[in-house]
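Please open the model in your viewer and keep the sequence panel at hand. The stops below proceed from the whole chain to individual side chains.

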Amino acid sequence: KKSLDIHDPYTPKFYYAEANAMLGVIYQFHIIDRATARYYYRAALDIDPDTATAKKHIGEVSDEDTK
């Protein structure tokens with residue numbers, strides 16, 4: 001999480017998007033916190049809408065699935 005606070009102008013944005021997506025995976029599958037997973041997937045997609053990991057899993061933790 002701390003690495004996401006560092007914004008190096010030389011680091012491509014997709015690395016930050018993937019870091020958020022991986023946190024989403026951790027929260028979804030290991031900590032089992034769907035809301036936090038959704039938050040990190042959404043953050044990844046806000047940075048790079050083509051982030052494959054976030055696109056793949058965000059539907060699994062969407063609000064519609066929790067009803």
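How many helices and how many strands make up the secondary structure of the chain? The chain has three helices and zero strands. The model is a predicted one, and the values given at each stop are computed from it.

**The whole chain**

Begin with a cartoon view of all residues. From the N terminus on, the elements follow the order α-α-α. Along its principal axes, the C-alpha trace spans about 40 × 20 × 15 Å. The radius of gyration is 12 Å, which agrees with the value near 11 Å for a compact globule of 67 residues.

Next, switch on a surface. The chain exposes about 4,700 Å², and carbon and sulfur atoms supply 57% of that area. Of the 67 residues, 34% count as buried. Where contacts join residues at least 6 apart in sequence, 46% of them link residues at least 24 apart.

**Helix α2**

Select residues 34-47, which form helix α2. This helix of 14 residues reaches 20 Å from its first C-alpha to its last, close to the 20 Å expected at 1.5 Å a residue. At the start of α2, display Asp33: one of its side-chain oxygens comes to within 3.4 Å of the backbone nitrogen of Ala35.

Which residues of α2 are buried? They are Ala37, Tyr40, Tyr41, Ala43, Ala44 and Leu45. An α-helix has 3.6 residues a turn, so residues three or four places apart point the same way. Colour the buried residues of α2 and add α1 (13-31) and α3 (52-57) to the view, since these are the helices against which they pack.

**The aromatic cluster**

Keep Tyr40 selected and add the other aromatic rings. A search of the whole structure gives three aromatic pairs. One of them is the stacked pair of Tyr27 and Tyr40, with 5.7 Å centre to centre and 20° between the planes. This pair links distant parts of the chain, with Tyr27 in helix α1 and Tyr40 in helix α2, 13 residues apart.

Are these two residues buried or exposed? Tyr27 is buried, at a relative accessible area of 12%, and Tyr40 is buried as well, at 11%. Now add Tyr39, which forms an edge-to-face pair with Tyr40 at 5.0 Å centre to centre and 80° between the planes. Tyr39 has a relative accessible area of 54% and therefore counts as exposed, the cut-off being over 50%. Together, Tyr27, Tyr39 and Tyr40 make up one aromatic cluster.

**The loop between α1 and α2**

Select Ile32, which lies in the loop between α1 and α2. What is its phi? Phi of Ile32 is near 60°, a positive value in a residue other than glycine. Most residues other than glycine have a negative phi. Ile32 is exposed, with a relative accessible area of 62%.

**The loop between α2 and α3**

Move on to Thr51, in the loop between α2 and α3. Thr51 has a relative accessible area of 3%, and is therefore buried, since buried means under 20%. To which backbone atom does the side chain of Thr51 reach? The side chain of Thr51 reaches the backbone oxygen of Asp48, at a distance of 2.7 Å. Leaving aside neighbours within four places in sequence, select the contacts of Thr51: Ala17, Glu18, Ala21, Ala44 and Leu45. Ala44 and Leu45 were already met among the buried residues of α2.

**Val25 and Thr53**

The last stop concerns a contact between two helices. Select Val25, placed in helix α1, and Thr53, found in helix α3. Val25 is buried at 17% relative accessible area, and Thr53 counts as buried at 18%.

With neighbours within four places in sequence left aside, Val25 is in contact with His30, Tyr41, Thr53 and His57. Among these, Tyr41 is one of the buried residues of α2. With the same exclusion, Thr53 is in contact with Glu18, Ala21, Met22 and Val25. Glu18 and Ala21 also appear among the contacts of Thr51.

Finally, draw a distance from the C-alpha of Val25 to that of Lys1. The two residues are 24 apart in sequence and 13 Å apart in space.

Note on methods. Residues numbered from 1 in each chain as written. Predicted model: local features only at pLDDT ≥ 70, side-chain atom pairs only at ≥ 80, totals over all residues. Heavy atoms only, no water. Helix = DSSP H or I, 4+ residues; strand = E, 2+ residues; numbered from the N terminus. Expected span 1.5 Å × (residues − 1). Buried < 20%, exposed > 50% of the residue type's maximum accessible area, 1.4 Å probe, protein only. Contact = heavy atoms within 4.5 Å. Polar contact = N/O pair within 3.5 Å; in protein donor to acceptor, adjacent residues only side chain to side chain. Phe/Tyr/Trp six-rings, centres within 6.5 Å; stacked < 30°, edge-to-face > 60°. Rg over C-alpha atoms; globule rule 2.2 N^0.38 Å. Areas by Shrake-Rupley, 256 points an atom, 1.4 Å probe, with all protein chains shown as cover.
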